[in-house]
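Hi everyone, thanks for coming. Let me put the sequence and the structure up on the screen, and then we'll walk through some charged side chains together.

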Amino acid sequence: MSSTTRRRDHANSFVKRYRTEIAASSSSVFSTLAAFPLDSVKTRMQTYQYNGFVDCVKHTYRTEHLAGFFRGTQSRRNPSLCLDSAPLVPFPPFHGSPLSGVLTQPLQSLLPGVMAPMASITLVRTVSFSIYQRAKHVYAGWAKKNTGYDILRHVNQPGTYPNLYSIACFGAAGATAGSILTFVACPFELTKLSAQVSVLLAERAGSCQKSRAVATSYQNKGTLRTMANIIKHRGALGLYTGFRLHLLRDTLGTSLYFMVYESGKQVGTTIAGDNPNNNKLAVVTAGGMCGLVSWALIYPIDSAKSIYQRNSLLHSRGEKVEPAPKIEFFKRHMYRGLGVSMSRSCMVNAIFFSSFELIKKRIKTLDEEGNL
């Protein structure tokens, strides 16, 4: 065997071993780039009151221009501008006086601001899928050992449908991944939120000079500088502001996410039969549905988390922060931005899972094609 062949086989072995991580990270880049603006609009609508999606988009563009739709992108604000607003709990009335003195940035300058948060999102999603895959096999192995039922064999067998065993396995593995990832994701998500609403935070900080000074300090910051600023004002544990709500959201949400995707893909594949084009449609449909269902059910939790985190950014360490709003299901004010979020999630996950499954399938054929 030549040295070239050995190197190729070694590389193929490495790629196959980590195919889940490679497929997840690559797919995350594609899907995240497609959803940047919608994610920013969703967060703004959750934490501040607007007269709908179009009003939020218009106000964001008018006050922050194109850069306002990209989290982590810097924008400037006239320091002499002073606007009064109502208190921030939980949804202040919108009196939207436009910010003057906001300078546009060339489109190409948005990319550096996008890269850091996109890298963090890619990291979180890659680790999430890695944990999920391992947890799924652990739980399936436990079930086989104790009940004699092979869950994964049933799922991969053509012509089958989800059952209680498979749904429970996927849900438990998803909950495991979501709960563990909260420890990694919480600081990044708080940082992302502060970047998305930094201009609004300063604009509507009220008449308290101290709160306005703290709010203004979050502007013109990248990911790492925003983290440092949070630590400065709230201490290291400040990065985990809203942790309990984040843990609840991600544990339930990730469990639902994978239950719906895996079960939906199994149903779609069974209905499609051997037609490869129909199988691709099953992946796209299941990917879109898992985002829609999970967000629809956990959205009030996410709204409460976002509002509490927003309010905390106005306070320094030791100061009392307003309690998180009560999580209320089927209450209109807890679902602001839901349409935007569900549209974004459907698009992101349809793109993500289509790419994810395609890349994994491609990796499996490496030895057959004799190239990397």
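So, a warm-up for you: are Glu262 and Lys136 buried or exposed? Both of them turn out to be buried. And they pair up: their side chains meet in a salt bridge, with 3.1 Å from N to O. Glu262 sits in helix H10, residues 243-272, while Lys136 sits in helix H4, residues 110-147, so this pair ties together parts that are 126 residues apart in sequence. In case charge pairing is new to you, side chains of opposite charge can pair when their charged atoms come close.

Before going on, a word about confidence. This is a predicted model. Its average pLDDT is 79, and 80% of the residues score at least 70. Residues 72-110 are another story, with pLDDT under 50 throughout. Where pLDDT is low, we shouldn't read the predicted coordinates in detail.

Okay, back to the charges. The structure has eight salt bridges. Let's look at Arg249, which takes part in a salt bridge with Asp302, where the closest N and O atoms are 2.5 Å apart. That one also links distant parts of the chain, 53 residues apart, with Arg249 in helix H10 and Asp302 in helix H11, residues 276-312. Arg249 has a relative accessibility of 6%, so we call it buried, and Asp302 is buried too, at 0%.

Arg249 also meets Asp250 in a salt bridge, at 2.8 Å from N to O, and Asp250 is buried as well. Put it together and you get a network of salt bridges linking Glu189, Arg249, Asp250, Asp302 and Lys305.

Definitions and conventions. Residues numbered from 1 in each chain as written. Heavy atoms only, no water. pLDDT = per-residue confidence, 0-100. Contact = heavy atoms within 4.5 Å. Salt bridge = Lys/Arg side-chain N within 4 Å of Asp/Glu carboxyl O. Helix = DSSP H or I, 4+ residues; strand = E, 2+ residues; numbered from the N terminus. Buried < 20%, exposed > 50% of the residue type's maximum accessible area, 1.4 Å probe, protein only.
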